[in-house]
Amino acid sequence: MIKVAPSILSADFNRLQHQLKIAEQAGADWIHVDVMDGQFVPNLTFGPKIVEWVNRLTTLPLDVHLMVNEPDVLIPAFVKAGADRLTVHIEAIKHIHRTLKMIKDHGISAGITLNPGTSARAIEAVIPEVDLVLVMSVNPGFGGQAFIESSLSKIKYIFKMIKTIKPDVYLEVDGGIDMKTAPLVVEAGANVLVAGSFIFSSDDIKKSIHLLKNHD
Ligand code: DX5
Ligand code: ZN
């Protein structure tokens, strides 16, 4: 069963509660929250306070993607704010085992992610420690970018790694997911699709979610 995680980066914050309700009713599985620090990526977004508000507006689990340098110091605040899963970038952390353990010790799920330019091998050693691997199919920082085609071979490679090392790990893809790319990434092995602009910039949030979920 494919899971869909709408990214609120592209939502209309004047109508966030309404849009989250539609997403929920349409069968969205998680709400994806993109945290950016203006350092690891050239953009700034949400802190723990916003995550706390979003958590009050939805019953869905919050899938929090931390695009920040050295996230350790922020982990307790995001857990307290209601994050159900924290995903960190392999490129942003000096002692990745320590960071993942810190997330798990708070009783929530831990994810690892990698940029398009990072080799799949960089995350192999930590697959036993995670609940989710997120493959970035755009360079992180902004919504609405074009899907990078070489992500498909990386998803296939990581899918095999997960099957061998820890088969119940989720394989999530983030960036440029739409009707055209969704079937390709699912065929490559992904089982969680993050989508921002395809869902929230469309006229029909419900229809967009249904189209993504139709690739079971
Ligand atoms: C990009 C973010 C994504 C973003 C995806 O840095 O990590 O979650 O919201 O947006 P789309 O689906 O528009 O590519
Ligand atoms: Zn994201």
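Which exposed residues does the face of α1 turned away from its buried side carry? They are Gln-17 and Gln-25. This is a predicted model, and the notes below walk through helix α1 and then strand β4, where 5 of the 5 residues are buried.

**Helix α1**
- Helix α1 spans residues 16–25, and its buried residues are Leu-16, Gln-19, Leu-20, Ala-23 and Glu-24.
- These buried residues sit on the same side of α1, because they cover an arc of only 140° around the axis.
- The cover over the buried residues of α1 includes strands β1 (3–6) and β2 (31–36), along with helices α2 (48–57), α7 (197–200) and α8 (205–213).
- Just after α1 comes Gly-27, with a positive phi of about 100°.

**Strand β4**
- Since 5 of the 5 residues of β4 (residues 85–89) are buried, this strand is largely enclosed by the rest of the structure.
- In a regular strand, side chains alternate between the two faces of the sheet.
- In β4, both faces are covered: Arg-85, Thr-87 and His-89 are buried on one side, and Leu-86 and Val-88 are buried on the other.

**Neighbours of β4**
- Strand β3 (residues 62–67) pairs with β4 in the parallel sense over 4 bridges, and Leu-86 of β4 is the bridge partner of Val-64.
- To get from β3 to β4, the chain passes through helix α3 (residues 75–81) in a right-handed β-α-β crossover.
- Strand β5 (residues 109–114) also pairs with β4 in the parallel sense, over 5 bridges, with Ile-112 of β5 opposite Val-88.
- Helix α4 (residues 96–105) joins β4 and β5 in a right-handed β-α-β unit.

Key
Residues numbered from 1 in each chain as written. Chains lettered and ligands numbered in written order. Predicted model: local features only at pLDDT ≥ 70, side-chain atom pairs only at ≥ 80, totals over all residues. Heavy atoms only, no water. Buried < 20%, exposed > 50% of the residue type's maximum accessible area, 1.4 Å probe, protein only. Helix = DSSP H or I, 4+ residues; strand = E, 2+ residues; numbered from the N terminus. Pairing = 2+ DSSP bridges. Right-handed = clockwise from strand over helix to strand, strands pointing away. Arc of directions from axis to C-beta. Contact = heavy atoms within 4.5 Å.
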